[in-house]
Amino acid sequence: MGIGLDAVTALSPTSDSRAGEVLRLRREISRMQRRRSEHALLPLDPSLAALLPEEGLQTGTAYSVSPSPSLVLALLSAASRKGHWCAVVGMPTLGVEAAAAFGIDLTRLILVPEPGERWLAATSALAEVVPLIVVNPQSRARDADVSRLSARLRDRGCTLLVTESPAVERWPQSEGTIRLHDPHWHGLGAGWGLLSDCTVTVTALTRHSPRPSSVRVQLPGGHGAVEAAAAELTALPSLAAETASGRSSVDDAAPTELLHWAEAG
């Protein structure tokens, strides 16, 4: 027997004080209820599209992802901008201001910050109607429960992003993994400056792609959202180095405009 929408009313220890909000949520879910997704893929931000073979997230499947809030928001952003509902379960520190900076429509974002041991029930209930869900598992799920949830994802055309954790085993029946690594923050100097943006590598590996795919992006970028990383300028030889003829050795190898920007830093 499936888990109905009534499970939403018991997702939090403080549900009594939030009865009005729960009722509003149930009305919204009932209003948007559908049988299954009409789409075979959910879109990704253009800077991340090259990660997956068809440049989008397969519907009816689950992906294991790094537990980075920025990566989570980046993966939700394009679908939200297209008008899809999204949900995040079990991530109480995820900020709505950060979500808005990524272009996520807050009126179509459902947050279940602290479901406790009922995280699987919350996810199953939301999978009935929400096409894209992120869940941070609070405990290991039984194989039978995972199989039932996987069947529901396929039936409803819902895509599930499951954050990885050292304390919880890797999610079974996963379509693939999307991981963030090699972060490099910018903006700090020797005792001065502020963190401005972070350049990272995002790598994806799926069951249908023989090799991992990687992209280098700013996450977050200067405006708080995901941005394609600018090509890094290879270090030039010293402009002060001169050849025997008295000309800089760089002058012969680099255009004047490039030398100007190299001098300017």
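## Salt bridges

Nine salt bridges turn up in this structure, if you count a side-chain nitrogen of Lys or Arg within 4 Å of a carboxyl oxygen of Asp or Glu. Keep in mind that this is a predicted model, where local features need pLDDT of at least 70 and side-chain atom pairs count only at pLDDT 80 or more, while totals for chains, interfaces and linings use all residues. Residues are numbered from 1 along each chain as its sequence is written, and side-chain values use heavy atoms, with hydrogens and water left out.

## Helix H4, tucked away

Let's start with helix H4, which covers residues 119-127. (Helices are DSSP runs of H or I with at least four residues, strands are runs of E with at least two, and both are numbered from the N terminus.) How many residues of H4 are buried? Nine of the nine are, so H4 is largely enclosed by the rest of the structure. Here buried means under 20% relative accessible area, exposed means over 50%, and partly exposed is in between, using a 1.4 Å probe and protein chains only. Among the buried residues of H4 are Trp119, Leu120, Thr123 and Leu126, and several alanines are on the list too, including Ala121 and Ala127.

H4 packs against helix H5 (residues 143-156) at an angle of about 20°, with the two axes 9 Å apart. That makes H4 roughly parallel to H5, a label for angles under 35 degrees (over 145 is roughly antiparallel, 65 to 115 roughly perpendicular, and the rest oblique).

## Around helix H5

Now for the charged side chains. Glu128 and Arg152 make a salt bridge, and their closest N and O atoms are 3.3 Å apart. Glu128 sits in the loop between H4 and strand E6 (132-135) while Arg152 sits in helix H5, so this pair ties together parts that are 24 residues apart in sequence. Are these two partners buried or exposed? Glu128 counts as buried at 13% relative accessibility, and Arg152 is buried as well, at 16%.

Another bridge stays inside H5. Arg148 and Asp145 meet there at 2.4 Å, N to O. The two are three residues apart in helix H5, which is about one turn. An α-helix has 3.6 residues a turn, so residues three or four places apart point the same way. Asp145 has a relative accessibility of 17%, so Asp145 counts as buried.

## A link at strand E8, and a network

Further along the chain, the side chains of Arg179 and Glu164 form a salt bridge of 2.8 Å, N to O. This one connects distant parts of the chain, 15 residues apart: Arg179 is in strand E8 (residues 176-188), and Glu164 is in the loop between strand E7 (159-163) and E8. Both ends get some exposure: Arg179 is partly exposed at 35%, and Glu164 counts as partly exposed at 22%. Some bridges also share partners, which joins Glu128, Arg152, Asp155 and Arg156 into one network.

## Out at the surface

Where does His223 lie? You'll find His223 in the loop between strand E10 (213-218) and strand E11 (227-228). His223 is exposed, with a relative accessible area of 71%. Its C-alpha atom is 9.0 Å from that of Ser196, although the two residues are 27 apart along the chain.

Leu111 belongs to strand E5 (residues 109-112). With a relative accessible area of 38%, Leu111 is partly exposed.

Definitions and conventions. Axes fitted to C-alpha atoms, helices over the stretch in contact; angles between N-to-C directions.
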